[in-house]
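Reader: Please take me through one part of this model closely. I want the strands, what packs on them, and the cysteines, in short sentences.

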Amino acid sequence: CDWSSDVCSSDLHAIVACADLTISGDLRNANRDHGLLLVVGGRLTARHVLKGGAYAVILGGLRASGIVLCDYNHGVLRVGGDLECEALIRLDQDCLVAGETRGRDLDWDSDDLRESLVAEVFPDEDTTLPEADLIHGRLAANLPVLKPANEIGRAHV
């Protein structure tokens, strides 16, 4: 579900789960500028967590079997416990994990993301910032966004 577009037309301002929240698919906030506040009192579990401009506060841990994408500087992610994922991809967003991060931790502010991400998530060969819509599209099509471990660090064209 997309917690920014599916329910933003109503008078809701926040989604609060007082305990654990398990989503069988993806949790998305595709709007880069805003979205409903998401508060989870326990652990959040989903396949992918793809967030834009909304604030998300997870008091317990966050477990994603795939990618946790934090896109754009309007949003915030706070995780009170451990974060388990294939990769946390931070694209100019404020993220704080109080516990341990288990998975690749990729930050556009400090890493060369072309070393770790497939070329198809970049709009052109000169851009160092991947495009979130391209990442969303590849994940929706079950295509990889991460290079295999044996290709990480190889020179890019």
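**The open sheet and its surroundings**

Author: Five parallel-paired strands make up an open sheet, in the order β1-β4-β7-β10-β12. The edges are β1 (14-17) and β12 (94-97). Each has a single partner strand, so one side of each lacks a neighbour in the sheet. Direction ignored, neighbouring strands of this sheet are turned by 5° against each other on average. Keep in mind that this is a predicted model.

Start at the β1 edge. Four bridges join β1 to strand β4 (residues 37-40), in the parallel sense. Two of the pairings can be named. I15 has L38 as its bridge partner in β4. A17 has V40 as its bridge partner in β4. V40 also leads on to the next strand, since V40 stands opposite I58 in β7. Strand β7 covers residues 55-58, and β4 pairs with β7 in the parallel sense over three bridges.

Now turn to another strand, β9. Strand β9 spans residues 67-71, and five of its five residues are buried. In a regular strand, side chains alternate between the two faces of the sheet. Which residues of β9 lie on one side, and which on the other? I67, L69 and D71 are on one side, while V68 and C70 are on the other. All of these are buried, so both faces of β9 are covered.

β9 has partners too. Strand β6 (residues 49-51) pairs with β9 in the parallel sense, over three bridges. There, K51 stands opposite C70. Strand β11 (residues 83-91) also runs parallel to β9, and five bridges join the two. In that pairing, L69 has I89 in β11 as its bridge partner.

What packs against these strands? Helix α1 does. This helix covers residues 132-140, and its buried residues are A132, I135, H136, R138 and L139. Seen down the axis of α1, these buried residues fall within an arc of 165°, so they line one face of the helix. An α-helix has 3.6 residues a turn, so residues three or four places apart point the same way. The buried residues of α1 pack against β3 (27-29), β6, β9 and β11. On the other side of α1, D133 and A140 are exposed. After α1 comes N142, with a positive phi near 60°.

Next, the cysteines. How many disulfides does the structure hold? Zero. C70 is in no disulfide, and its nearest cysteine sulfur, that of C95, is 3.4 Å away. Why is there no bond between C95 and C70? A disulfide is a covalent bond between the sulfur atoms of two cysteines. The cut-off applied here is 2.5 Å between the sulfur atoms. The sulfur of C95 is 3.4 Å from that of C70, its closest cysteine sulfur, and that is too far for a bond. Are these two cysteines buried or exposed? C70 has 0% relative accessibility, so C70 counts as buried. C95 has 16% relative accessibility, so C95 counts as buried as well. The cut-off for buried is under 20%.

One arginine touches both cysteines. R90 lies in strand β11. R90 touches C70 and C95, along with D105, L106, D107 and W108, leaving out residues up to four places away in sequence. One of these contacts is polar: the side chains of R90 and D105 are joined at 2.5 Å. R90 has a relative accessibility of 16%, so R90 counts as buried.

Finish in the loop between β11 and β12, where D92 is found. D92 is partly exposed, with a relative accessible area of 29%. D92 touches Y72, N73, W108 and D109, again leaving out residues up to four places away in sequence. W108 is also among the residues that R90 touches. The C-alpha atoms of D92 and S110 are separated by 10 Å, though the two residues are 18 residues apart along the chain.

To recap, C70 belongs to the covered strand β9. C70 stands opposite K51 and is touched by R90. The sulfur nearest to that of C70 is in C95, with no disulfide between them.

Conventions:
Residues are numbered from 1 along each chain as its sequence is written. This is a predicted model: local features need pLDDT of at least 70, side-chain atom pairs count only at pLDDT 80 or more; totals for chains, interfaces and linings use all residues. Side-chain values use heavy atoms; hydrogens and water are left out. Buried means under 20% relative accessible area, exposed over 50%, partly exposed in between (1.4 Å probe, protein chains only). Two strands pair if DSSP finds at least two bridges between them. The arc is that of the directions from the helix axis to the C-beta atoms. Contact means heavy atoms within 4.5 Å. A polar contact is a pair of N or O atoms within 3.5 Å; within protein, one must be able to donate a hydrogen and the other to accept it, and residues adjacent in sequence count only if both atoms are side-chain atoms. Axes are lines fitted to C-alpha atoms, for helices over the stretch in contact, and angles run from 0 to 180 degrees between N-to-C directions.
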